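User: Hey, got a minute to walk me through this one? I'd like to go over how the helices pack and then check a few odd residues.
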Amino acid sequence: MSALTQELPAATREIQLASRPSGRPVPDNFRLAEAGLPQLEEGQVLVKNQFMSVDPYMRGRMNDAKSYSAPFRIDAALDGGAVGEVIASRSDAHKVGDVVVHQLGWREHAVVDAATATTVPAGLAPASAFLGALGMTGLTAYAGLLKVAEFKEGDVVFVSGAAGAVGSMVGQIAKAMGAGRVIGSAGSAAKVARLLELGFDAAFNYNDAPVLEQLREAAGERGIDVYFDNVGGEHLEAALATLNVGGRVAMCGAIAQYNSTEPPAAPRNLAVAIGKQLTLRGFLVGGQRQHAAEFRQKMAGWLADGTVSYDETIVDGLENAPRAFIDLLDGMNTGKMLVRL
C-alpha cells in the first residue's frame, strides 16, 4: 500500500447541475460548489485531476429521460472522463504518483474506486491524449469506422463534424488504412483548411451551401461507400442520397439535434436505404471495448510515426467548464475539447 505522504484536501470544488436545460444549455444550468471528500476506503485512490473532458453525449444526460446512460442528478456533481495524478492510495493497483484515467470529472479532486481507474503508460503521450486520441475518442473513431462501418481498402469515406475530436481521427484512420478518398464537413473556413492539412482529400463548410450540393461535388461520380455520422439531420439525408449500393453508415452522434426542442425534419429519404441495400448501424463506444488493445497498439504506432496527429482546444479552470461544454455544442472547438484543472 502507498503511504499518505502529503497533507490531503478535505474538500474539493465541483460543477453541479443546477437545473435541466430546455434546448440550448445556459450558464445558469450549472453551479460551482464545494463538497467534502470522504476518507479513503480500502481499494480506493484520491486523484488530483489535471484535465477533464466535455463531450456531446453529456447533453442527453442533462435531460430527465431514460437513455443508455443514467441522467445527471439535480444538485449533484456531473461526471465524465478525467485524467489526473494519484495523491493518496489504499490500493495495490495504483501508487502515489501514478497518472490515471477515470470517470469522475467535473471536479478538482476525486475519490475513485481503483478498479475503475486505468494507469496511463509513462512517456507514450501527454496525459491529455488519453482522453482523446489514445482514449475513448480514438477508440470511437477506430471501432466505428473499421468494425461498425466495416471499412474496406479503397472505400470513399464521408465524415461529418470532421474537425471534432472523433471526426478528425476517423478521417486520418481511413487514410492510414487505404481509403480511396476521404471527405469531411466542418463549420468554418479555418476548420476546412485544417482538415486538408490532416490529409483529407476534400472538405467543405456546411454553412456555405446545402450539404447535398457540396457533398455531391466533393464525391463526384464515385459517390461514397461509408458515412461516419456525428451530426444527423441534413448531413444524414445528404449522405443517404450519395451513398453507393451496399453503402454503410456508422451512426455515432447527432449533434445537430441535441439542443432541439422539436423533432428533426431530416432525413426525409430513409426509404432509399431499401433500394441501395444500405446498412445503418448505431453504436456506443462502450460496446466496442473488446477492440481496445488492438486500437491502442495501432494508434500508438500512428502517433509515433506521424501518420495521425490530433488537435486539442483547452479551456483553463473548473469554473469555465460549463462554458467549454456550451462552446462544444456550438462547434467552437477544433479537435478534443478539454478543461485544464
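Analyst: Sure. Helix 2 and helix 8 pack with their axes 10 Å apart, at an angle of about 105°. Keep in mind that this is a predicted model.

User: So how are helix 2 and helix 8 oriented to each other, roughly perpendicular or roughly parallel?
Analyst: Roughly perpendicular, because an angle of 65 to 115 degrees falls in that class.

User: Which residues meet there, in helix 2 and helix 8?
Analyst: From helix 2 you have G138, L139, Y142 and K147, and they meet A292, E294, F295, K298 and W302 of helix 8. By class, the residues of that contact of helix 2 with helix 8 split into 5 nonpolar, 1 polar and 3 charged.

User: And what about helix 2 against helix 3, what angle do they pack at?
Analyst: About 50°, and the axes of helix 2 and helix 3 are 8 Å apart. Helix 2 and helix 3 are therefore oblique to each other, and their crossing is right-handed.

User: Who makes that contact between helix 2 and helix 3?
Analyst: On the helix 2 side it's T137, T140, A141, Y142 and L145, and on the helix 3 side A165, V166, M169, V170, I173 and A174. The contact of helix 2 with helix 3 has 9 nonpolar and 2 polar residues, with no charged ones.

User: Let's stay on helix 3. How many of its residues are buried?
Analyst: 10 of the 12, so helix 3 is largely enclosed by the rest of the structure. The buried ones are A165, V166, G167, S168, M169, V170, G171, Q172, I173 and A174.

User: What do the buried residues of helix 3 pack against?
Analyst: Two helices and several strands: helix 2 (136-148) and helix 8 (292-305), plus strand 8 (156-159), strand 9 (181-186), strand 11 (224-229) and strand 15 (336-340).

User: What's the reach of helix 3 from its first C-alpha to its last?
Analyst: 17 Å for residues 165-176, close to the 16 Å expected at 1.5 Å a residue.

User: And what follows helix 3?
Analyst: G178 does, with a positive phi near 95°.

User: Which residues other than glycine have a positive phi?
Analyst: W106 is one of them, with a phi of about 65°. Q277 has a positive phi too, about 55°, and is not a glycine either.

User: Where do W106 and Q277 sit?
Analyst: W106 is in the loop between strand 5 (99-102) and strand 6 (109-113). Q277 is in the loop between helix 7 (272-275) and strand 13 (279-282).

User: Is W106 buried or exposed? And Q277, buried or exposed?
Analyst: W106 counts as buried, at 0% relative accessibility. Q277 is exposed, with a relative accessible area of 57%.

User: OK, back to helix pairs. How close do the axes of helix 5 and helix 6 come?
Analyst: Within 9 Å, and the axes of helix 5 (residues 211-219) and helix 6 (residues 233-242) cross at roughly 40°. Helix 5 and helix 6 are therefore oblique to each other, and their crossing is right-handed.

User: Which residues meet in helix 5 and helix 6?
Analyst: V211, L212, L215, R216 and A219 of helix 5 meet E234, H235, A238, A239, A241 and T242 of helix 6. The residues of the contact of helix 5 with helix 6 come out as 7 nonpolar, 2 polar and 2 charged.

User: How many residues of helix 6 are buried?
Analyst: 8 of the 10, so helix 6 is largely enclosed by the rest of the structure. Those are G233, H235, L236, E237, A238, A239, L240 and T242.

User: Now R181. Where is R181 found, and what is R181 in contact with?
Analyst: R181 is found in strand 9 and is partly exposed, with a relative accessible area of 24%. Leaving aside neighbours within four places in sequence, R181 is in contact with D155, V156, V157, D201, A202, A218 and R222.

User: Last one, Y68. Is Y68 buried or exposed?
Analyst: Exposed: Y68 has a relative accessible area of 55%. The place of Y68 is in the loop between helix 1 (57-61) and strand 4 (82-89). Apart from neighbours within four places in sequence, Y68 is in contact with Y57 and L284.

Notes
Residues numbered from 1 in each chain as written. Predicted model: local features only at pLDDT ≥ 70, side-chain atom pairs only at ≥ 80, totals over all residues. Heavy atoms only, no water. Axes fitted to C-alpha atoms, helices over the stretch in contact; angles between N-to-C directions. Helix = DSSP H or I, 4+ residues; strand = E, 2+ residues; numbered from the N terminus. Parallel < 35°, antiparallel > 145°, perpendicular 65-115°, else oblique. Left-handed = near helix turned anticlockwise from the far one by under 90°. Contact = heavy atoms within 4.5 Å. Nonpolar A, V, L, I, M, F, W, Y, C, P; charged D, E, K, R; others polar. Expected span 1.5 Å × (residues − 1). Buried < 20%, exposed > 50% of the residue type's maximum accessible area, 1.4 Å probe, protein only.
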